[in-house]
Amino acid sequence: MRAGFVLSAAHLLYGATECPRVDKFLAKNGPLPMGDDGWPTDWPEWTAWFMANTVKCESCGAFNFTDEFVPDICGNCLAALPKAKDEDEE
Ligand SMILES: [Zn+2]
């Protein structure tokens, strides 16, 4: 949501836990707009942003966000993370 992908954020939150506020919103406003592929309409942009702004922990597989700062250790298991890709290196 912070990166501007509101529909994908709502979809992920709704799929991960019980969300009385989202339930209430959807009951009032209807379902989330989905593309023909069954994913939120901002999903392609979200997945591109996600891949560009995360680093995957080689120890536990968790994705760690790098958009605000680049962590040295995994936020899930505390293992050292591989160095995030620098756009200049690609
Ligand atoms: Zn980890």
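This report walks through the zinc site and a few residues around it in a predicted model.

## The zinc site

Four cysteine sulfurs hold the zinc ion here: the SG atoms of Cys57, Cys60, Cys74 and Cys77 are its protein donors, sitting 2.3 to 2.4 Å away. The angles among those four donor atoms run from 104 to 114 degrees, which makes the site tetrahedral. Read along the chain, the donors of the zinc ion are spaced as C-x2-C-x13-C-x2-C.

Cys57 comes from the loop between strand E1 (54-56) and strand E2 (63-65), while Cys77 belongs to the segment after E2, so this pair ties together parts that lie 20 residues apart in sequence. The two also sit in different surroundings: Cys57 is buried at 3% relative accessible area, whereas Cys77 is partly exposed at 32%.

## Cysteines and disulfides

If you were hunting for disulfides, the count in this structure is zero. As a reminder, a disulfide is a covalent bond between the sulfur atoms of two cysteines. As for Cys19, that residue counts as buried, with 7% relative accessibility.

## A look at Ser59

Ser59 is found in the loop between E1 and E2. Its relative accessible area is 55%, so Ser59 counts as exposed, the cut-off being over 50%.

What does Ser59 touch, leaving aside its neighbours within four places in sequence? The contacts are Cys77, a zinc donor, and Ala79. Ser59 also lies 8.7 Å from Cys74, C-alpha to C-alpha, with their positions 15 residues apart in sequence counted as separation.

Technical notes
Residues numbered from 1 in each chain as written. Predicted model: local features only at pLDDT ≥ 70, side-chain atom pairs only at ≥ 80, totals over all residues. Heavy atoms only, no water. Donors = N, O, S within 2.8 Å, 3.2 Å for Na, K, Ca; no water. Tetrahedral: all angles 85-135°; square planar, octahedral: opposite > 155°, others 65-115°. Helix = DSSP H or I, 4+ residues; strand = E, 2+ residues; numbered from the N terminus. Buried < 20%, exposed > 50% of the residue type's maximum accessible area, 1.4 Å probe, protein only. Disulfide = S-S within 2.5 Å. Contact = heavy atoms within 4.5 Å.
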